[in-house]
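This report goes through one protein chain by topic, from a buried acidic residue and its partner to the fold as a whole. The sequence and the coordinates come first.

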Amino acid sequence: MAKVVDAIDRFNNSVRTLLILLLLIAFSTVSYYGWSVYNEKELEIAEKNKQIEVHVAKIGELENEIDLLALRLKLLKVDRRVGRLSVISQEKPEDAPRVQSIIEFVEFNEQGQPITEPQRFKIDGDMVYVNGKVVKFEDELVETNDPLRSASIFILQKIYGEHQKPIDGFTIDKEGERPEAYGLRDEPNEFEEKIWNNFWDIANDPVKAAEYGVRAAQEESEGMRVQPGKQYDLQIRSSDGLTIKVIPQQKST
């Protein structure tokens, strides 16, 4: 009888042990599953946060590129006033076949201040041309605001009418004096002086032009059919050459 009881006790103990093991296995399985689900969500959140950080960084880079592009485009389109034409009078003498225009010209510096005494010229007709040497630098130099080559530089030379030969035009700068050279500062630096001293060599030599970063070196003549009493600004664009623009007249009240 005792042996039977012992056998039953051992059986019960085995069953209890087995049940406990099964419970532990079940608990472990549930715990692992719960941990896996939780951890998976955490990993998913961490991955999404990482992707968001990457996208934010990319957006920042794109915004910087957009700002830089906007700045480069702005630099390409910077206009500098370099002179002003004023039409003092415009009359047709009895013995003349056409009108005669008296114009006054003043040159300006980078700050918009006059740097020459007003010069008056009598033009045969009403079509006025302004001639000068212009050096245009490569766009990427202008776009990146290169210290020496961020804007076109030029020298004004002559003013003449459509019924005059350019060679017979009026010299803008005083005879015997160095012409006013317009660059990034009031006085040409050593780099600009080299360009002016070798202007036509640079214009005719692509290799030399590339060494200086020059896109074009040439003479330009811009014209305007002027009207009495009006004023016209001479401007140069940082990536281009000369333009003549009428100054809007203020309406009297």
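## Asp126 and Arg225

Asp126 has a relative accessibility of 19%, under the 20% limit, and therefore counts as buried. The structure is a predicted model, and the values below are computed from it.

The partner of Asp126 is Arg225: their side chains form a salt bridge with an N to O distance of 2.7 Å. Asp126 sits in the loop between β3 and β4, while Arg225 belongs to strand β8 (residues 214-225), so the bridge ties together parts of the chain 99 residues apart in sequence. Arg225 counts as partly exposed because its relative accessibility is 44%, which lies between the 20% and 50% limits. The pair is also part of a network of salt bridges that links Asp126, Glu162 and Arg225.

## Salt bridges between β4 and β8

How many salt bridges does a search of the whole structure find? The search finds eight. Two of the salt bridges described here connect strand β8 with strand β4.

In one of them, Glu219 pairs with Lys133, and the closest N and O atoms are 4.0 Å apart. Glu219 is in strand β8 and Lys133 in strand β4, so this contact ties together parts 86 residues apart in sequence. Glu219 is partly exposed, at a relative accessible area of 38%, whereas Lys133 is buried, at 17%. In the other, Lys136 and Glu220 approach to 2.8 Å between the closest N and O atoms. Here Lys136 is the β4 residue and Glu220 the β8 residue, so the parts tied together are 84 residues apart in sequence. Lys136 and Glu220 are both buried.

## Strand β4 and its pairing

Is β4 mostly covered or mostly open? It is mostly covered, with ten of its eleven residues buried. β4 pairs with β8 in the antiparallel sense over eleven bridges; within this pairing, Val135 stands opposite Ala217 of β8.

β4 also runs antiparallel to β5, and eight bridges join these two strands. In β5, Phe154 stands opposite Val134. As a general point, side chains in a regular strand alternate between the two faces of the sheet.

## Nonpolar cores

The largest nonpolar core has 20 residues, and those touching the most other members are Leu85, Ile103, Phe105, Val130, Leu156, Ile159 and Leu234. Two or more residues of this core come from each of β1 (79-91), β2 (100-107), β3 (119-124), β4 (127-137), β5, β9 (231-237) and β10 (242-246). A second core, separate from this one, contains 14 residues, among them Phe137, Ile202, Ala209 and Val214.

Which residues does Phe105 contact, leaving aside its neighbours within four places in sequence? They are Gly83, Arg84, Leu85, Glu117, Pro118, Gln119, Phe121, Leu156, Ile159, Ile172 and Leu234. Of these, Leu85, Leu156, Ile159 and Leu234 are named with Phe105 among the core residues that touch the most other members.

## Two glutamines

Gln235 is located in strand β9. Its relative accessibility is 14%, so Gln235 counts as buried. The C-alpha atom of Gln235 is separated by 8.9 Å from that of Arg84, although the two residues are 151 residues apart along the chain.

Gln164 is found in the loop between β5 (153-161) and β6 (170-171). The side chain of Gln164 reaches the backbone nitrogen of Gly161 at 2.7 Å. Not counting residues up to four places away in sequence, Gln164 touches Ile123, Gly169 and Phe170.

## The chain as a whole

The protein chain contains five helices and ten strands. It has 253 residues, of which 34% count as buried. About 16,700 Å² of the chain is exposed, and carbon and sulfur atoms supply 55% of this area.

Among contacts with a separation of 6 or more, residues 24 or more positions apart account for 63%. The salt bridge between Arg225 and Asp126 is one example of a link between parts distant in sequence, 99 residues apart.

How values were computed. Residues numbered from 1 in each chain as written. Predicted model: local features only at pLDDT ≥ 70, side-chain atom pairs only at ≥ 80, totals over all residues. Heavy atoms only, no water. Helix = DSSP H or I, 4+ residues; strand = E, 2+ residues; numbered from the N terminus. Polar contact = N/O pair within 3.5 Å; in protein donor to acceptor, adjacent residues only side chain to side chain. Contact = heavy atoms within 4.5 Å. Buried < 20%, exposed > 50% of the residue type's maximum accessible area, 1.4 Å probe, protein only. Areas by Shrake-Rupley, 256 points an atom, 1.4 Å probe, with all protein chains shown as cover. Core = buried A, V, L, I, M, F, W, Y, C linked by side-chain atoms within 4.5 Å. Pairing = 2+ DSSP bridges.
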